[in-house]
Structures are given as structure tokens and as C-alpha cells.
Amino acid sequence: SGTGTATLSLFIAKANASVTLTDLEREFNGSAHPASAQTEPEGLGVQLTYNGSASAPAAVGTYQVAATIADANYQGAATGTLVIRRAEVSISLTGLHQTYDGTPRTVTATTSPAGLPVKLLYDGGEAAPLVPGSYVITAIVDEPGYTGLANATLVVAKAPAVIVLNNLTTTYHGAAQSPSVSTTPAGLTVNLSYNGSSAPPVNAGTYAVVATVNDALYTGTVAG
């Protein structure tokens with residue numbers, strides 16, 4: 001007979017646990033956007049990496065997320081894709097009704113969030129218009145973290161002109177007669193009507209005169 005001693009090792013393997021990744025669709029706001037992880041059983045520690053880095057990303061882009069359970073009794077892992085998209089910007093346009101004054105007629109754009117640069121196009125070009133008319137305005141925000149688009153119509157009205165009628169009292173002499181006309185600014189073309197007719201009167205009488213500026217940049221009407 002004999003005696004002996006044996007030493008055996010008991011190995012208890014970690015139990016399997018599941019990991020579910022959430023919050024994988026985010027919008028840029030300048031802050032880091034970590035993914036969220038839920039475990040089953042609940043409450044287990046989880047280590048997350050983003051394209052191999054432990055730091056949660058803030059910039060717009062696509063990141064491969066790896067989640068690994070960090071627990072003494074459980075093991076498990078999961079992967080997913082975190083997408084941070086550009087934030088949609090609200091653009092407000094003001095100064096859409098203006099009057100010709102010989103200088104470029106620009107509109108003003110404000111953004112929410114505030115202070116973002118806006119590219120403005122006037123009928124597709126970058127030059128602000130000078131002359132009266134209607135112009136399609138396109139406002140574009142195209143930044144690393146933000147995107148936005150707005151459209152509106154800029155209306156530039158003709159500038160008001162002053163018309164002065166002189167020599168409205170005359171004496172019949174057998175030929176057509178018209179008043180003299182001056183404008184401010186000077187030299188504008190003026191159409192005259194007499195009791196609704198464009199023909200200057202010849203005979204003695206009283207005639208309602210309407211003077212109307214005919215110009216691409218100025219407008220005005222006066223009666224006498």
C-alpha cells in the first residue's frame with residue numbers, strides 16, 4: 001500500500017455576455033459623441049474604441065466602434081459604425097426689398113447656430129446687382145460641421161425721381177404747345193399726356209397734364 005498527493009487546478013471560464021451598441025447616428029455640435037453600450041446581464045463595464053482610439057470623436061465622419069466587456073466574470077464583444085453627420089443650419093435672409101442707388105444691392109444672411117459663413121449667389125453669380133429688377137438669391141453654408149441652403153427673391157425697385165412742370169399757362173398761337181419739364185436727377189426722359197392723349201394740344205383750353213418718367217433706373221409721375 002502507499003500514499004500520495006495530487007494537485008489539480010480548477011479553471012472557471014468567464015461567462016458569455018452580450019453587448020448592444022446604440023447612439024450610432026449623431027449630428028455634429030462640436031462636442032465628442034461617444035456611442036452607448038448596453039449589456040446583458042446589465043451594468044457590466046464596457047471598453048469602447050473608435051477606429052482604434054479610446055477617445056470618442058467629435059468631427060463629422062464614419063467611425064468603426066469596437067465594444068469589449070471589461071468584467072472579472074463575463075466576456076463579450078460587439079462592433080458597429082458610428083456616423084456623425086453635418087448639422088443642418090437655418091439661414092435667414094433680410095434686405096430683400098431695396099431701392100436702386102447706384103451701389104451693389106446686397107442682402108444680409110444670419111445663421112442658427114450664429115456666426116457661420118454664408119456664400120450668397122445672385123441669379124447664380126457672386127456679384128450683387130446694381131440695377132432694378134428681381135434676382136434669385138441662393139444662400140449656402142458649406143462648412144466641415146455644418147450644411148445649409150436657403151432661397152429667396154431680391155427685388156430692387158427703381159429710385160424715385162422728381163419732376164417739375166413749368167410754363168403751364170400759355171397763349172394760343174396756332175401751333176401745338178407743351179410745358180417745359182425738368183427732372184432730378186437731370187436729363188431723364190419724360191412722357192407727357194394731355195387729357196389722356198400723347199398729342200400736345202393746339203387750341204385754347206384747359207388740359208390735364210400727366211408727366212411720367214420713362215427710365216430703366218428711375219420712376220416718377222406728376223400731374224399739372
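Trainee: In which loop is Asn51 found?

Mentor: Asn51 is found in the loop between E5 and strand E6 (61-69), where strands (E, at least two residues) and helices (H or I, at least four) are DSSP runs numbered from the N terminus. This is a predicted model, in which local features need pLDDT of at least 70 and side-chain atom pairs count only at pLDDT 80 or more, while totals for chains, interfaces and linings use all residues. Residues are numbered from 1 along each chain as its sequence is written, and side-chain values use heavy atoms, with hydrogens and water left out.

Trainee: What is the sign of phi at Asn51?

Mentor: Most residues other than glycine have a negative phi, and most peptide bonds are trans. Asn51 has a positive phi of about 50° although it is not a glycine, and Asn167, in the loop between strand E17 (162-166) and E18, has a positive phi of about 60°. As for accessibility, buried means under 20% relative accessible area, exposed over 50%, and partly exposed in between, with a 1.4 Å probe and protein chains only. Asn51 is therefore partly exposed at 48%, whereas Asn167 is exposed at 53%.

Trainee: Which residues does a cis peptide bond join?

Mentor: One cis peptide bond joins Ser112 and Pro113, with omega about 5°, and Pro113 is found in the loop between strand E12 (108-112) and strand E13 (119-122). Another joins Thr184 and Pro185, with omega about 0°, and Pro185 is found in the loop between strand E18 (180-184) and strand E19 (190-194).

Trainee: How many salt bridges does the count come to?

Mentor: A salt bridge is a side-chain nitrogen of Lys or Arg within 4 Å of a carboxyl oxygen of Asp or Glu, and by this rule the count comes to three. Arg86 forms one with Asp142, with the closest N and O atoms 2.6 Å apart. That pair links distant parts of the chain, since Arg86 is in the loop between strand E8 (77-85) and strand E9 (87-88) and Asp142 is in strand E14 (residues 133-142), 56 residues apart. Arg86 is partly exposed at 30% relative accessibility, while Asp142 is exposed at 53%. Glu126 forms a salt bridge with Lys119 at 3.6 Å, and the side chains of Asp101 and Arg105 meet in one at 3.1 Å, N to O. In that last pair, Asp101 is partly exposed at 47%, but Arg105 is buried at 14%.

Trainee: Which side chain does a polar contact of 3.1 Å join to that of Arg105?

Mentor: A polar contact is a pair of N or O atoms within 3.5 Å; within protein, one must be able to donate a hydrogen and the other to accept it, and residues adjacent in sequence count only if both atoms are side-chain atoms. Here the contact joins the side chains of Gln98 and Arg105. Gln98 is found in strand E11 (residues 97-99) and is buried at 15%. A polar atom of the Gln98 side chain also lies 2.8 Å from the backbone oxygen of Thr106.

Trainee: How many residues does the largest nonpolar core have?

Mentor: A nonpolar core is a set of buried Ala, Val, Leu, Ile, Met, Phe, Trp, Tyr and Cys residues joined through side-chain atoms within 4.5 Å. The largest here has 48 residues, and those with the most contacts inside it are Val65, Leu93, Val107 and Ile137. Its largest share, five residues, comes from strand E15 (residues 146-157). Contact means heavy atoms within 4.5 Å; leaving aside neighbours within four places in sequence, Val65 is in contact with residues including Leu21, Leu24, Ala35 and Leu82.

Trainee: Which face of strand E2 is buried, and which is not?

Mentor: Along strand E2 (residues 18-22) the side chains alternate, with Val19 and Leu21 pointing to one face and buried, and Ser18, Thr20 and Thr22 pointing to the other and not buried. Two strands pair if DSSP finds at least two bridges between them; E2 and strand E4 (residues 36-40) pair in the antiparallel sense over five bridges, and the partner of Ser18 in E4 is Glu40.

Trainee: What is the order of the open sheet of four strands?

Mentor: The order is E3-E8-E6-E5, with mixed pairing, and the edge strands, E3 (25-27) and E5 (46-50), each pair on one side only. E3 and E8 pair in the parallel sense over three bridges, and Glu25 has Val83 as its bridge partner in E8.
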